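Visitor: I should like to learn how to read the features of a protein model in a systematic way. Could we take them one at a time, the general idea first and the case at hand second?

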Amino acid sequence: LPQGSAVSSARVDVLLELGRIHPAITAIEQSTSPELRRRLPGVLDLAGDPSASETEYRRLIAADPHQADLYARLAALYLTRGDEAQAVATYRTLFAANRGRADVLTAGAKQMIAMGLEAQAVTLLQGSAGDPTVATATHQFLFETYLDRGDIAKALAELTLVEQGDPRGALLAEVADGYERLGRPDAALTLLHRLEAQGRSLGYDDRVRIAQLAATTGHDEEALTRWRALWSATSLPARRSYIERQIVALARKMDRLEPLAREISARLDGGTIRPGEIDLLVALRLAQGKADAAADAVRRFAARTGASEVVVLNQLAQLYARVRDYDRVDATLRRLVTVDPGNRDTHIRQLILSMLRHEDGAVPPAQRQADLDRLIAQFSENGEAGGHAFKATVYAEASLDAQAIAQLRQGQAANPDDADALLRLATELKRQQRPAEAIGLLQYAVEHGGTPVFLSAIDGLVDMVADAPADQPGSEGVLLWAERMVLERIAA
């Protein structure tokens, strides 16, 4: 709004907030701002003068007959009076005043449906469908309306009319989508084939859609060909992973896993394998349950490309993890610890997490702790992975609670100004059902810590009490004490 209009609008807002409705009406009527004048019917209705509100809406519609929202407000006014016939008559006026304006007609129809006037909206739209300038948009809207109602036969009839009214094929993609939603994938695929035949440039999503429809309709050979073409055309890991799953699933269905694997393996031996295709070969071999053949393919590819032992071991670790061969995962990661000292901490972390997540209970607790202690001792002194927090997490996951607490106490003692270290220790004490120790730790930090530690300790105390059972003694006293500490810190 211009500055003067903005001031006038603000003044009206203040008058309405104060309940001075009639001065607000006067201010609007005296304004020259079209935006402010559009508020007048609503304020008149608020003042209990629906007749004046109706008159103003009609004046606004006469001045600008192409604004669907004005008709909607007037129709809503009639509906609040229970006068449905007059509300429908309002929309008949809209349709009469907006012949050839598909956007206004469909907007009006949407509003009618939202008001519960769906049958009347459909009748009005059908009456305008004979106008060639709005026929396609009208049939599209009716298709959506019938589909939402679950009237498949009528939705199909409207979609067919959309297709017939599109001789140049400008709406092939939209109509194909409609057939898919109607559960007619064959018809959708036929239209997308036409779209492709027109020589249009199809994006990744459209090509995936055609491949999916080919598979859905039983055209497996076409689908496999399309998925393989998509594989060759994309390099994004997430897309390749998705396409790989489709190729493997189709190859399994078609009993083509071995022929495809042999084809790629031959290119590997001949030195013509395409970038990334080794991953597809591995996936095919794994789908056959041939983990050793997959590992052999990785080694052969490395020998041909001159990949280092570190690269090969990383690939093998991922491969063995996929087939849940955790003994080989363990052995491969241990070898990486030796041959890749630059990433030793990363490999040790992976090794520890693998041990924790796939423990089968066969290893006695004492031996398990000794294995963990031995691995943890190999961390770099200053490496992030070797920090007390990670070590504590390892011990906690292994149910070695005393060792977890010991690591966190060491970390907090070494960095008394580290608020995160303080909260980690308090949280672990709480997890181990030692709330009194946690509260004592936090209270000490409140009394002796700097501002960051003080604030974190207060938050920690509040969380500790909030999560405590309702009957836990001393909770209220802890909060009162924390409140007093905060007030004292403010006063200081």
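Guide: Let us begin with exposure: a residue is called buried under 20% relative accessible area, exposed over 50%, and partly exposed in between. Please keep in mind that this is a predicted model.

Visitor: Is Pro185 buried, exposed or partly exposed?

Guide: Pro185 has a relative accessible area of 22%, which means that it counts as partly exposed. Pro185 belongs to helix 13, residues 185–197. Leaving aside neighbours within four places in sequence, its contacts are Leu213, Thr216 and Thr217. As for Asp463, it stands 278 residues from Pro185 in sequence, and their C-alpha atoms are 55 Å apart in space.

Visitor: How many helices and strands does the protein have?

Guide: The protein has 29 helices and zero strands. Its radius of gyration is 36 Å, well over the 23 Å that the globule rule gives for 492 residues, so the protein is more spread out than a compact globule. Along the principal axes, the C-alpha atoms fill a box of roughly 90 × 80 × 45 Å.

Visitor: What share of the residues is buried, and what is the exposed area of the protein?

Guide: Buried residues account for 41% of the 492 residues. The exposed area is about 25900 Å², of which carbon and sulfur atoms supply 51%. On contacts, consider those with a sequence separation of 6 or more: 47% of them join residues 24 or more positions apart.

Visitor: How should one read a nonpolar core?

Guide: In soluble globular proteins, nonpolar side chains tend to be buried together. Here, the largest nonpolar core holds 59 residues, and those that touch the most other members are Trp227, Ile247, Leu284, Leu319, Ile352 and Leu372. Helix 18 (residues 277–287) gives this core its largest share, seven residues. There is also a second, separate core of 49 residues, with Ile61, Tyr78, Tyr179 and Ile210 among them.

Visitor: Which residues does Leu372 touch?

Guide: Not counting residues up to four places away in sequence, Leu372 touches Ile352, Met355, Leu356, Val394, Ala398 and Leu400.

Visitor: Which residues of helix 23 are buried, and where do they lie around its axis?

Guide: One may first compare the length of a helix with its expected span. At 1.5 Å a residue, the twelve residues of helix 23 (residues 365–376) should span 16 Å, and the end C-alpha atoms are indeed 16 Å apart, which agrees. The buried residues of helix 23 are Arg368, Asp371, Leu372, Leu375 and Ile376. Seen down the helix axis, these buried residues fall within an arc of 130 degrees, so they line one face of helix 23. Their cover includes helix 21 (326–339), helix 22 (344–357) and helix 24 (388–397).

Visitor: Finally, which backbone angles deserve attention?

Guide: One reading is to look for a positive phi in a residue other than glycine. Arg324 is such a case, with phi near 60 degrees. Arg324 sits in the loop between helix 20 (309–322) and helix 21, and its relative accessible area of 64% makes it exposed.

Visitor: Where is Gln433 found, and is Gln433 buried or exposed?

Guide: Gln433 lies in the loop between helix 26 (419–431) and helix 27 (435–448). With a relative accessible area of 66%, Gln433 is exposed. Although not a glycine, Gln433 has a positive phi of about 60 degrees.

Technical notes. Residues numbered from 1 in each chain as written. Predicted model: local features only at pLDDT ≥ 70, side-chain atom pairs only at ≥ 80, totals over all residues. Heavy atoms only, no water. Helix = DSSP H or I, 4+ residues; strand = E, 2+ residues; numbered from the N terminus. Expected span 1.5 Å × (residues − 1). Buried < 20%, exposed > 50% of the residue type's maximum accessible area, 1.4 Å probe, protein only. Arc of directions from axis to C-beta. Contact = heavy atoms within 4.5 Å. Rg over C-alpha atoms; globule rule 2.2 N^0.38 Å. Areas by Shrake-Rupley, 256 points an atom, 1.4 Å probe, with all protein chains shown as cover. Core = buried A, V, L, I, M, F, W, Y, C linked by side-chain atoms within 4.5 Å.
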